[in-house]
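User: I am new to this structure and would like a close look at a single part of it. Please take me through that part slowly, in connected prose.

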Amino acid sequence: MAAKDPFKFSKTDFQLTRLVAGLAALATLVIAVVKPVAAWVVGDPLVAEVERLAETPADGAKPGVTLTHGSAVTAEFADAGASLWLASIIPGALFAGILIVVLWLLWRLLGDVERGEPFTLANVWRMRGIAWAMVGGAFLLFTVDGLANAYLTQHAAEGASTIFTNTTTASDLLLPGAGFLIGALAEVFKRGVVLEGDVEGLV
């Protein structure tokens with residue numbers, strides 16, 4: 001009797017993967033979009049982390065804004081307008097959108113893998129879509145987040161005139177790096193599709 005492959009996904013494994021993906025998408029959507037929108041609707045003050053203001057004194061805040069210093073500077077806007085709320089929400093909403101697109105494409109790909117049909121052109125394009133979403137989304141998110149942070153900064157502290165502010169770390173390269181890796185795997189899958197077609201043509 002052949003030994004069972006310990007790395008082969010069972011039906012339960014596929015179901016658990018889908019469940020985790022669905023919960024991750026839902027949690028991200030709630031935290032990044034639903035929660036701040038609900039706070040806006042009920043009239044709560046806008047609380048946002050403001051970058052690159054570590055040297056700004058607490059009394060340097062604009063009227064209606066309270067600055068709190070810690071590992072980062074937090075600005076609390078007592079009566080934030082729609083533009084400030086949107087600036088705080090849009091980066092999170094963009095991240096949630098990118099994640100949902102990636103997980104949806106992954107969901108469709110797993111469906112074909114579960115049916116024993118991994119090497120299809122549709123899956124090649126799904127993997128390319130995941131790669132494009134991760135690489136393009138990372139740069140788009142960096143840009144949008146920097147512009148939003150700068151806008152919040154301008155309205156939080158006296159004398160702030162920056163038009164773009166964002167801090168990057170080595171970990172920020174993980175998302176586009178993973179995207180490039182998946183893009184390379186897509187080309188491997190494409191080669192698998194060609195080889196599978198050649199084999200079927202010989203039968």
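User: How are α1 and α2 oriented to each other, roughly parallel or roughly antiparallel? Please build the answer around helix α1.

Analyst: This is a predicted model, and a short view of the whole helps to place the helix. The protein has 4 helices and 3 strands, and from the N terminus on its elements run in the order α-β-β-β-α-α-α. Of its 203 residues, 33% count as buried, and among the contacts with a separation of 6 or more, 70% join residues that are 24 or more positions apart.

Turning to the helix itself, α1 covers residues 11-42, and its 32 residues reach 44 Å from the first C-alpha to the last, which is close to the 46 Å expected at 1.5 Å a residue. Along this course α1 has a kink of about 40°, and the kink is centred on V30. Just after α1 comes G43, a residue that takes a positive phi of about 90°.

Your question concerns the pairing with α2, the helix formed by residues 82-114. The axes of α1 and α2 lie 9 Å apart, and the two helices pack at an angle of about 170°. Angles over 145 degrees count as roughly antiparallel, and α1 and α2 are therefore roughly antiparallel to each other. The residues that make up the contact of α1 with α2 divide into 24 nonpolar, 4 polar and 3 charged.

The buried residues of α1 can be read beside this pairing. They are F14, R18, A21, A25, T28, A32, P36 and A39, and what covers these buried residues includes α2.

A closer look at one residue of the helix, W40, adds detail to the picture. W40 lies in α1, but it is partly exposed, because its relative accessible area is 32%, and partly exposed residues are those between the limits of 20% for buried and 50% for exposed. Leaving aside the neighbours within four places in sequence, W40 is in contact with A82, W85, L86 and I89. W40 and G81 also show how positions separated along the chain are placed in space, for these two residues are 41 residues apart in sequence, while their C-alpha atoms are 9.3 Å apart.

Taken together, α1 is a helix with a kink centred on V30, and it packs against α2 in a roughly antiparallel manner.

Terms used:
Residues numbered from 1 in each chain as written. Predicted model: local features only at pLDDT ≥ 70, side-chain atom pairs only at ≥ 80, totals over all residues. Heavy atoms only, no water. Axes fitted to C-alpha atoms, helices over the stretch in contact; angles between N-to-C directions. Parallel < 35°, antiparallel > 145°, perpendicular 65-115°, else oblique. Nonpolar A, V, L, I, M, F, W, Y, C, P; charged D, E, K, R; others polar. Expected span 1.5 Å × (residues − 1). Bend = angle between axes of the 7 residues up to and from the residue. Buried < 20%, exposed > 50% of the residue type's maximum accessible area, 1.4 Å probe, protein only. Contact = heavy atoms within 4.5 Å.
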